[in-house]
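Me: I am new to this structure and would like a close look at a single part of it. Please take one pocket as the starting point and work outward from there.

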Amino acid sequence: MMIVLGIESCGDIGSVALVNEDKIIGEITINVKKNHSITLAPMVDDLLKLANMEVKDLDAIAVDVGPGSFTGLRIGISLAASLAYGQDKLVVRVTGLEALLSVGRSLLDDDGDSVMVVPLIFGRKNEAYVLYEGEAKVIDAVEFLTGLKKNVRYLFIGDGYLAFKELINNELGLDCVVIDDSFHYLKGGTIASCGLVGLAEGKGISPISVEPLYLRRPEVDINLELKMKLNDNC
């Protein structure tokens, strides 16, 4: 039976989980204003100890590669890669938007064909990341939501929905399936479960090949480019 460790660190929540084909073996989640670089590795260590396992017992490590906080996703990817490299394990890349899509579809059951699932991850200000009609992109959330069709029933899922909940439900009056707020936060169990599916599909890769998903350029790169242009003009 395959066992996968899942790592989530692209937002405020830090979460790790162990899953096999039958169940979630265990999950540790923390949502405090602490750097994931401090909390994430000890959480993995504690989880493995509680499950009486070691990294060598795993078949793969799944990690959320974005979109999200550039610092957070790099921390998660670095941890996943270092754990996998040390024990010659595979890594499965999971995007947060695809993970949310899988959760949304699982919640709909028989209503799936009549509802459009729209994964929405909050970025900053009015910015969000969306998976819509098969395309992952960064958007102006207000502009995007305002332009949606009114004759479609939607299930928005992700912390982006929580950020623009008032606009979606009250101002725009979109027809929405309402789910518990807990489903809008990505956790290690979801990442691990998606990783289990990906591993079965042959999507496991070498830890040295894991790259983040950037839908927009890191702000630090933009600021550096602007600074270089200013220096060139001086």
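Which element gives the largest share of the lining of the second largest pocket, and how many residues does that element supply?

Reply: The model is predicted, and the values below are computed from it. The element asked about is H3, which supplies five residues of the lining of the second largest pocket, the largest share. Two other elements, E5 and H7, also supply at least two residues each. The space in this pocket is about 320 Å³. Its lining counts 14 residues, and those closest to the centre are Arg 93, Val 94, Glu 98, Cys 194 and Lys 203. Sorted by class, six of the lining residues are nonpolar, three are polar and five are charged.

H3 also has a part in the largest nonpolar core. That core has 27 residues, and the members that touch the most others are Val 4, Val 94, Leu 155 and Ile 157. Val 94 is thus named twice, once in this core and once among the residues closest to the centre of the second largest pocket. Elements that give two or more residues to the core are the strands E4 (60–64), E5 (90–94), E6 (116–122), E7 (127–132) and E9 (153–157), together with the helices H3 (96–108) and H7 (188–200). H3 again gives the largest share, here six residues. A second core, separate from this one, has 26 residues, including Met 43, Val 55, Val 63 and Leu 73.

From Val 94 the path leads to Val 65, which touches Val 94 and also Arg 93, among others. Val 65 sits in the loop between E4 and H2. Its relative accessibility is 0%, so Val 65 counts as buried. Leaving out residues up to four places away in sequence, the residues that Val 65 touches also include Cys 10, Leu 73, Ile 77, Thr 95 and a run from Val 210 to Leu 213. One of that run, Pro 212, is 147 residues from Val 65 along the chain, yet their C-alpha atoms are separated by 4.7 Å.

Ser 78, in helix H2, offers a contrast in exposure. Ser 78 has 47% relative accessibility and therefore counts as partly exposed. Between the C-alpha atoms of Ser 78 and Val 63, which are 15 residues apart along the chain, the separation is 9.7 Å.

H2 leads on to the largest pocket, where about 620 Å³ of space lies. This pocket is lined by 31 residues, and Cys 10, Gly 11, Asp 12, Ile 13 and Asp 159 are the closest to its centre. Cys 10 is also one of the residues that Val 65 touches. Helix H2 (70–86) and E6 each supply at least two lining residues, and H2 has the largest share with four. The classes here are 12 nonpolar, 11 polar and eight charged residues.

Back in the largest core, Ile 157 links several parts of the chain. Apart from neighbours within four places in sequence, Ile 157 is in contact with Leu 100, Val 103 and Gly 104, with Val 117, Val 118, Pro 119 and Leu 120, and with Ile 179, Phe 183 and His 184. Strand E9 is mostly covered, with four of its five residues buried.

E9 belongs to an open sheet of five strands with mixed pairing, in the order E8-E7-E6-E9-E10. The edge strands, E8 (135–140) and E10, each pair on one side only. E6 and E9 run parallel and are joined by four bridges; across this pair, Val 118 stands opposite Phe 156 in E9. E9 and E10 (residues 175–176) also run parallel, joined by two bridges, and Arg 153 has Asp 175 in E10 as its bridge partner. E7 and E8, by contrast, run antiparallel with six bridges between them. In that pair, Tyr 129 has Val 138 in E8 as its bridge partner.

Finally, the strands at the start of the chain. E1 (residues 3–8) pairs with E2 in the antiparallel sense over six bridges, and a hairpin of five residues joins these two strands. Strand E2 (residues 14–20) has seven of its seven residues buried. E2 in turn pairs with E3 (residues 24–30), again antiparallel and over six bridges, and the hairpin between E2 and E3 has three residues.

Terms used. Residues are numbered from 1 along each chain as its sequence is written. This is a predicted model: local features need pLDDT of at least 70, side-chain atom pairs count only at pLDDT 80 or more; totals for chains, interfaces and linings use all residues. Side-chain values use heavy atoms; hydrogens and water are left out. A nonpolar core is a set of buried Ala, Val, Leu, Ile, Met, Phe, Trp, Tyr and Cys residues joined through side-chain atoms within 4.5 Å. Buried means under 20% relative accessible area, exposed over 50%, partly exposed in between (1.4 Å probe, protein chains only). Contact means heavy atoms within 4.5 Å. Two strands pair if DSSP finds at least two bridges between them. On a 1 Å grid over the protein atoms alone, a cavity is a set of points where a 1.4 Å probe fits but cannot get out, and a pocket is an open set with protein on both sides within 12 Å along at least five of seven lines; lining residues have an atom within 4 Å of a point. Grid points are joined across faces, edges and corners, and a volume is the space filled by probe spheres set on the points. Ala, Val, Leu, Ile, Met, Phe, Trp, Tyr, Cys and Pro count as nonpolar, Asp, Glu, Lys and Arg as charged, and the others, Gly among them, as polar.
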